[in-house]
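Work through these exercises with the model open beside you. Try each task before you read its solution.

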Amino acid sequence: MPWMLSNEKPIYLQLINQIKLQILAGSYECGDRFPTVRELAAEASVNPNTMQKALAALEQEGLLVGSRTSGRTVTTDQSLIQSMRKDLADQELEHFRHALSELGFSDEEILAYIMKEYQL
């Protein structure tokens, strides 16, 4: 996966967001073995400790499941993934609505615009 990291916010937070997006988008299937810290750190050109911090946070969220003997796997909890996908979609939609509102669009105009663009 191409890593897009910037100096605008902490690297580990960017790693969390990018890995989470990959899992929620289905790039990693439920129950798949997840790459090791060292593999991912080398791929992203970051310190392994930084990657470990990101993966630990994703374990805390429940997206990754760690095992001392077999490494990490992607959760098999489909309801968790669907819930997180919905939450992320809601956030993105709210950002979109807010941006168009700042341009002077009313909610009705935003809806009409979307319906017209997507021919709904």
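The exercises below cover ring pairs, charged pairs and one helix.

This is a predicted model: local features need pLDDT of at least 70, side-chain atom pairs count only at pLDDT 80 or more, and totals for chains, interfaces and linings use all residues. Residues are numbered from 1 along each chain as its sequence is written, and side-chain values use heavy atoms, with hydrogens and water left out.

**Exercise 1. Aromatic pairs**

Find the aromatic pairs and classify their geometry.

Solution. Start with the cut-offs. Rings of Phe, Tyr and Trp (its six-membered ring) pair if their centres lie within 6.5 Å; planes under 30 degrees apart count as stacked, over 60 as edge-to-face and the rest as tilted. The structure holds two such pairs. Take Tyr28 and Phe34: their ring centres are 4.7 Å apart and their planes stand at 50°, so this pair is tilted. Now take Phe105 and Tyr113: the centres are 6.4 Å apart and the planes are at 50°, so this pair is tilted.

Next, check burial. Buried means under 20% relative accessible area, exposed over 50%, and partly exposed in between (1.4 Å probe, protein chains only). Tyr28 and Phe34 are both buried. Phe105 has 32% relative accessibility, so Phe105 is partly exposed. Tyr113, at 41%, is partly exposed.

**Exercise 2. A charge over a ring**

Which ring has the charged end of Lys53 over it?

Solution. Apply the test: NZ of Lys or CZ of Arg must be within 6 Å of the ring centre and within 35 degrees of the ring normal. The ring is that of Tyr12, and the charged end of Lys53 sits 4.0 Å from its centre.

**Exercise 3. Salt bridges**

How many salt bridges does the structure hold? Trace the partners of Glu61, Arg72 and Arg97.

Solution. Side chains of opposite charge can pair when their charged atoms come close. The criterion is a side-chain nitrogen of Lys or Arg within 4 Å of a carboxyl oxygen of Asp or Glu. The structure holds five salt bridges.

- Glu61 pairs with Lys20, with the closest N and O atoms 2.8 Å apart. Glu61 is in helix 3 (residues 48-61) and Lys20 in helix 1 (residues 11-24), 41 residues apart, so the pair links distant parts of the chain. Helices (H or I, at least four residues) and strands (E, at least two) are DSSP runs, numbered from the N terminus.
- Arg72 pairs with Glu59 at 2.5 Å, N to O. Arg72 lies in strand 2 (residues 71-74) and Glu59 in helix 3, so the bridge ties together parts 13 residues apart in sequence. Arg72 is buried at 13% relative accessible area, whereas Glu59 is partly exposed at 30%.
- Arg97 pairs with Glu94, the closest N and O atoms being 2.9 Å apart. They are three residues apart in helix 4 (residues 78-102), about one helical turn. Salt bridges that share partners join Glu94, Arg97 and Asp107 into one network.

**Exercise 4. The two sides of helix 2**

Which residues of helix 2 (residues 37-44) are buried? Then say what covers them.

Solution. The buried residues are Val37, Leu40, Ala41 and Ala44. They span an arc of only 100° around the axis, so they lie on the same side of helix 2. The arc is that of the directions from the helix axis to the C-beta atoms. On the other side, Arg38 and Ala42 are exposed. The cover over the buried residues includes helix 1, helix 3 and strand 2, where contact means heavy atoms within 4.5 Å. Just after helix 2, Ser45 takes a positive phi of about 60°.
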